[in-house]
Amino acid sequence: MKVWVLRHGEAEPQARSDDQRNLTAHGRKQVLRSAAHLLGQPLDAIVASPYVRAQQTATLVHDALGFSAPLTTVSWLTPDSDPARVIAELDALNLDNVLLVSHQPLVSSLLGLLVHGSRQAGEPMSTASLAELQGDAALAGLMTLEALHHA
């Protein structure tokens, strides 16, 4: 199983609410650089947070890859979501290769939990950072960080 975790690209600092912040022009360029690392990868699904900046990031990746399946939007990939719930939801999806598009602090704590078994042991994820994890299953402490790309 492979799980790619992508933090959204740079977003506007202000909006009516946090979930409404749009990507900046720089953020869009960052996302396209990260998407290049996914070319040729056998993705089964692109799963994204409902926040605008994550939706825009996922759409850019979807289009850059020419991905045929529609995006999947889920409520469990927002900034303050529980990484243990994300792991449970991933297990329920029963996919071999999935891209998750989300936010800090979730992305770092999810990496820490999947790789080291601890939410506090996560990797730094700047905007549009892309982590590639591999393992037999998405279980706490049982995945290996294969690559970490910063845009």
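**Helix crossings and a mixed sheet**

H3 and H4 cross in a right-handed way; in a right-handed crossing the near helix is turned clockwise from the far one by less than a right angle, and in a left-handed one anticlockwise. You're looking at a predicted model, where local features need pLDDT of at least 70, side-chain atom pairs count only at pLDDT 80 or more, and totals for chains, interfaces and linings use all residues. Residues are numbered from 1 along each chain as its sequence is written, and side-chain values use heavy atoms, with hydrogens and water left out.

**Exercise 1.** Work out how the axes of H3 and H4 are arranged, and which residues make the contact.

*Step 1.* Find the elements: H3 covers residues 83–93 and H4 covers residues 106–116. Helices (H or I, at least four residues) and strands (E, at least two) are DSSP runs, numbered from the N terminus.

*Step 2.* Get the geometry. The two axes come within 9 Å and cross at roughly 70 degrees. Axes here are lines fitted to C-alpha atoms, for helices over the stretch in contact, and angles run from 0 to 180 degrees between N-to-C directions.

*Step 3.* Name the arrangement: H3 and H4 are therefore roughly perpendicular to each other. The cut-offs are under 35 degrees for roughly parallel, over 145 for roughly antiparallel, 65 to 115 for roughly perpendicular, and oblique for the rest.

*Step 4.* List the contact (heavy atoms within 4.5 Å). H3 brings Pro-83, Ala-84, Val-86 and Ile-87, while H4 brings Leu-106, Ser-109, Leu-110, Leu-113 and Leu-114. By class that's eight nonpolar, one polar and no charged. Ala, Val, Leu, Ile, Met, Phe, Trp, Tyr, Cys and Pro count as nonpolar, Asp, Glu, Lys and Arg as charged, and the others, Gly among them, as polar.

**Exercise 2.** Do the same for H1 and H2: what is the angle, and which residues meet?

*Step 1.* The axes of H1 (residues 25–35) and H2 come within 9 Å and cross at roughly 45 degrees.

*Step 2.* H1 and H2 are therefore oblique to each other, and their crossing is right-handed.

*Step 3.* Arg-28, Val-31, Leu-32 and Ala-35 of H1 meet Gln-56, Thr-57, Leu-60, Val-61, Ala-64 and Leu-65 of H2. This contact has seven nonpolar, two polar and one charged residues.

**Exercise 3.** Place S1 in the sheet: which strands does S1 pair with, and is S1 buried or exposed?

*Step 1.* Write down the order. Six strands form an open sheet, S3-S2-S4-S1-S5-S6, with mixed pairing; two strands pair if DSSP finds at least two bridges between them. S3 (72–73) and S6 (144–149) are the edge strands, each pairing on one side only.

*Step 2.* Add the helix: H2 (residues 52–65) packs on the sheet and touches S1, S2 (45–48), S3 and S4, its direction making about 165 degrees with that of S2.

*Step 3.* Check the neighbours of S1. Six bridges join S1 to S4 (residues 97–102), and the two run parallel. S1 and S5 (residues 130–134) pair in the antiparallel sense over five bridges. Leu-6 stands opposite Val-101 in S4 and opposite Leu-130 in S5, and Val-3 has Leu-133 of S5 as its bridge partner.

*Step 4.* Look at burial (buried is under 20% relative accessible area, exposed over 50%, partly exposed in between, with a 1.4 Å probe and protein chains only). Six of the six residues of S1 (residues 2–7) are buried, so S1 is largely enclosed by the rest of the structure. Lys-2, Trp-4 and Leu-6 point one way, and Val-3, Val-5 and Arg-7 the other.
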